[in-house]
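User: I'm new to reading protein models and would like a close look at one part of this one. Please keep it relaxed and explain the terms as you go.

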Amino acid sequence: MATSDRLLRYAESRKNLPGSVLGLVGVGITLTGAAGGLWPLVVGGLYAAGALIAPPERPDTPHFPDADEQLDALRVDFATLLDYLVEVELPPATREKLSALDTLIEALLEPGWVSDPDHLHVLARAVRQDIPEAVDTFVRTRWWSRFTPGAEPPEQHLERQLSVLHEEMSGIADALRQAEAIRQEIHTRYLEERGP
């Protein structure tokens, strides 16, 4: 099976097709009698010449997901994250901060907004790494903190982490708002300059 696949690939290759064409030219020369008894060398030589002058095979360009495909996958991961966060027991103030962050991320993940690769990376890192790790670390630390009374409450660290992440997401939202404001100004200027 593998041998037949290789033969089929070679039969369709960039080397075989030009070689075959020149090999057929050699057969034509042989039929006219110009090659004489050296016809196998003429046909083989022309085939080899065609195969050598052909451009080399190049592998197909790899397909990488575009921004929309990345966002679709990120939305699925975000839904999974939300399912996880619903099950985690959090103090009310922390839950409120987390809900505000989730609402902001959900707005950023709406179709048509985020397409910048840097923004996509920051969003993906927050959804797939930063938020789950912050919450999981809080849950684990809270369990151990009962053995060390008087230590800094783990909710304070989680709230600080959520504040930093909210600030990061707000930066993306602000960049999007500024881009839309510039786009609106440009369109206004265009309409005014176009005139009646």
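At which residues does UniProt place the feature "transmembrane region"? Please start there and then work outwards.

Analyst: Quick ground rules before we dive in. This is a predicted model, where local features need pLDDT of at least 70 and side-chain atom pairs count only at pLDDT 80 or more, while totals for chains, interfaces and linings use all residues. Residues are numbered from 1 along each chain as its sequence is written, and side-chain values use heavy atoms, with hydrogens and water left out.

Now to your part: the UniProt record, an unreviewed entry, puts "transmembrane region" at residues 21-49. UniProt positions follow the numbering used here, feature names are shortened, and such annotations may be inferred rather than shown by experiment. In the model, residues 21-49 are 76% helix and 0% strand, and the end C-alpha atoms of the span lie 10 Å apart. Helices (H or I, at least four residues) and strands (E, at least two) are DSSP runs, numbered from the N terminus.

Val21, Val25 and Ile29 make a nonpolar surface patch of about 230 Å². A patch takes residues with over 30% relative accessible area and no salt bridge, joining like charges within 9 Å and nonpolar side chains (Val, Leu, Ile, Met, Phe, Trp, Tyr) within 5 Å. The areas come from the Shrake-Rupley method with a 1.4 Å probe, and for residues only the protein chains shown count as cover. Val25 sits in helix H2 (residues 16-31). Its relative accessible area is 42%, so Val25 counts as partly exposed; buried means under 20%, exposed over 50%, and partly exposed is in between (1.4 Å probe, protein chains only).

Lys15 is in the loop between helix H1 (2-11) and H2. Leaving out residues up to four places away in sequence, Lys15 touches Gly50, Ala51, Ala54 and Glu57, where contact means heavy atoms within 4.5 Å. Lys15 is partly exposed at 29%. From Lys15 to Ser170 is 155 residues in sequence and 56 Å in space, C-alpha to C-alpha.

Next, the nonpolar core. A core is a set of buried Ala, Val, Leu, Ile, Met, Phe, Trp, Tyr and Cys residues joined through side-chain atoms within 4.5 Å. The largest one has 30 residues, and those with the most contacts inside it include Ile105, Leu123 and Met169. H4, helix H5 (92-108), H6 and H7 each give two or more residues to this core, with H6 giving the most, 10 residues. Among the residues Met169 touches, not counting those up to four places away, are Leu101, Leu108 and Val122.

Finally, charges. Side chains of opposite charge can pair when their charged atoms come close. The structure holds 7 salt bridges, each a side-chain nitrogen of Lys or Arg within 4 Å of a carboxyl oxygen of Asp or Glu. One joins Arg128 and Asp77 at 2.5 Å, N to O, linking helix H6 (residues 117-145) with helix H4 (residues 67-87) across 51 residues. Arg128 is partly exposed at 44%, and Asp77 is partly exposed at 29%. Another joins Arg125 and Glu168 at 2.8 Å, N to O, with Arg125 in H6 and Glu168 in helix H7 (residues 154-194), 43 residues apart. Arg125 and Glu168 also belong to a salt-bridge network with Asp130. Arg177 and Asp174 pair at 3.0 Å, N to O; both lie in H7, 3 residues or about one helix turn apart.
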